[in-house]
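I sat down with this one to look at its sheets and at how some of its helices pack. Here are my notes, in the order I made them.

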Amino acid sequence: MKREIMKVTACLLLTTCLVIPAVFTSEAADAQSETQGIVELLGDKPVLDDITVNLPEVASVAVETQEFNQKALANTDGEMSIYAEANENSELVGKVYRNTIMNIEEAGEMWSKVSSGDVVGYIKNDYLVLGTKAVERAKLVCPAKTTVNGKEYSVVGTDGKQLTLKGADNAQITVSVNEAKVTRNTQNGKTMKQIAEEEARKKAEEAKRKTEEEAKRKKAEQAAASQKRNAPMSVSASDRDLMAAIIYCEAGIEPYQGKVAVGAVIMNRVRSSRFPNTISGVIYQRGQFGPAITGKLGRVLASGKATAECYKAADAALAGENPIGNRLFFGNGNTGYKIGSHYFH
C-alpha cells in the first residue's frame with residue numbers, strides 16, 4: 001500500500017510542478033530527461049528508498065522552472081519580430097529583445113501567440129526558450145538580483161523556501177524568500193508605434209544635444225574672443241596721448257561711458273583683420289575719423305587740450321574695459337547700441 005502511495009505522489013508531483021509547455025517537444029524532452037530518475041521509479045521494479053532520494057531533485061527542478069510557467073525567454077542576442085498572425089508575411093506588430101520574458105498565450109507546433117508589455121502577436125517557437133533552458137539563459141541575459149541590508153546580491157539558487165545569494169566578494173548567504181525582493185533587468189516587448197515614438201524622441205534629444213553643444217561652442221568662442229578683445233594693451237606715451245585726443249575730439253561732451261566706448265571702438269579695430277593693427281594706423285586710416293581729416297586732432301595734440309577724464313577713458317579702454325562688445329563703428333544715426341548721443345554698431 002505504501003508503495004502505491006509513493007507512485008501516486010510521484011505522479012502528482014510530475015503533473016503539477018513540472019511546468020514546461022508540452023507543445024515544445026524539445027523542451028519537453030529536456031524536462032523528461034531531467035526527471036528520468038523519478039519516471040523510472042514508476043516502472044515494474046521501483047524501490048521505495050530510490051523514490052525518496054529522487055523526489056527532492058525533481059522538486060528542485062520544479063521550483064527553478066516555476067518562474068517560467070506559461071512563459072518563455074527570447075532566444076536572441078538582438079531583437080525579434082512579433083507578427084499579427086503566424087506568418088512572416090503578416091503585419092509586423094512589435095519586437096522583443098534578448099532579455100524579454102513573454103507570456104505564452106497560445107502554444108502551437110511552429111508558432112506561438114505571446115504577449116509582453118503592450119505587444120501581442122505571434123513568434124516562431126525557435127525563438128523561444130522554455131523551462132530549465134530559460135532558467136539557464138536568464139542567468140546570462142537578465143540575472144536575478146536582490147538587496148539585503150543595503151548590499152546587492154546575485155540569486156544563485158532557491159529551494160522555494162530559501163534563496164542562496166552571492167555577493168560581489170563571492171561570499172554566499174542564505175535568506176528566506178520572504179526577506180528579499182528579487183528583480184531581473186528585463187525589457188518588455190515594444191509595439192511598432194512605441195518603437196517609432198522612441199526613435200523620434202531619440203532624434204529630438206540628439207538634435208537638442210547638438211544644439212546645446214553648438215551653443216556652448218559659440219559661447220566659448222565668444223568668451224575667448226571677448227577675452228582677447230578685452231585684453232590689456234601696453235602702448236607708448238604718444239599712443240596714449242593720441243587715444244585721449246581722439247576721445248576728446250569725438251566724445252568730449254559725452255558721458256564718461258561714452259568716452260570709454262569710443263576708445264573701445266578703436267581697440268576693437270586694432271584687433272580686427274579689417275583695420276590696421278596699431279592705434280595710430282586705425283586713427284589715421286584714410287576716410288575714417290573726421291578730426292584726423294580736418295586737422296582738429298592735430299591741434300588738440302599740439303595744445304594738450306585733452307581732459308583728465310579723456311585720459312582716464314583712454315586708460316580704461318587700453319586696460320580692456322569695453323561697454324560695446326565687438327562693435328566697430330559709431331555715429332549719430334538711429335541704429336545700434338546707444339550711449340549718450342552716439343549709436344554703436
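Before anything else, a definition: helices (H or I, at least four residues) and strands (E, at least two) are DSSP runs, numbered from the N terminus. Two strands pair if DSSP finds at least two bridges between them. I am working with a predicted model, where local features need pLDDT of at least 70 and side-chain atom pairs count only at pLDDT 80 or more, while totals for chains, interfaces and linings use all residues. Residues are numbered from 1 along each chain as its sequence is written, and side-chain values use heavy atoms, with hydrogens and water left out.

**Entry 1: a hairpin and its sheet**

I began with the hairpin of strand 10 and strand 11, which has 5 residues between the strands. Asn170 in this hairpin takes a positive phi near 70 degrees. Strand 10 (residues 162-166) and strand 11 (residues 172-176) are antiparallel and share 5 bridges; I found Gln162 bridged to Ser176 of strand 11.

Next I followed the pairing outward. Strand 10 also pairs with strand 9 (residues 151-158), antiparallel over 4 bridges, and Gly157 has Thr164 of strand 10 as its bridge partner. The result is an open antiparallel sheet of 4 strands in the order 8-9-10-11. Strand 8 (145-148) and strand 11 each have a single partner strand, so one side of each lacks a neighbour in the sheet. From one strand to the next, the twist averages 45 degrees.

**Entry 2: the other sheet I looked up**

Here 3 strands make an open antiparallel sheet, ordered 13-15-14. Strand 13 (330-331) and strand 14 (337-339) are its edge strands, each pairing on one side only. Strand 14 and strand 15 (residues 342-344) run antiparallel and are joined by 3 bridges, with Ile339 opposite His342 of strand 15.

I then saw that helix 8 (residues 256-271) lies across strand 13, strand 14 and strand 15, at about 40 degrees to strand 15. For such angles, axes are lines fitted to C-alpha atoms, for helices over the stretch in contact, and angles run from 0 to 180 degrees between N-to-C directions. Contact means heavy atoms within 4.5 Å.

**Entry 3: helix 12 and its neighbours**

What does helix 8 do with helix 12 (residues 308-318)? Their axes come within 8 Å and cross at roughly 45 degrees. Helix 8 and helix 12 are therefore oblique to each other (under 35 degrees counts as roughly parallel, over 145 as roughly antiparallel, 65 to 115 as roughly perpendicular and the rest as oblique). On the helix 8 side, the contact includes Tyr256, Val260 and Met267, and on the helix 12 side Glu309, Ala313 and Ala317 are among the residues.

I turned to helix 7 (237-251). Helix 7 packs with helix 12 at an angle of about 120 degrees, the axes being 8 Å apart. Among the contact residues are Arg240, Met243 and Ile247 of helix 7, and Cys310, Ala314 and Asp315 of helix 12.

Which residues of helix 12 are buried? I noted Cys310, Ala313, Ala314, Ala316, Ala317 and Leu318 (buried means under 20% relative accessible area, exposed over 50%, partly exposed in between, with a 1.4 Å probe and protein chains only). The buried residues of helix 12 pack against helix 7, helix 8 and helix 9 (279-283). Last note: just after helix 12, Gly320 has a positive phi of about 110 degrees.
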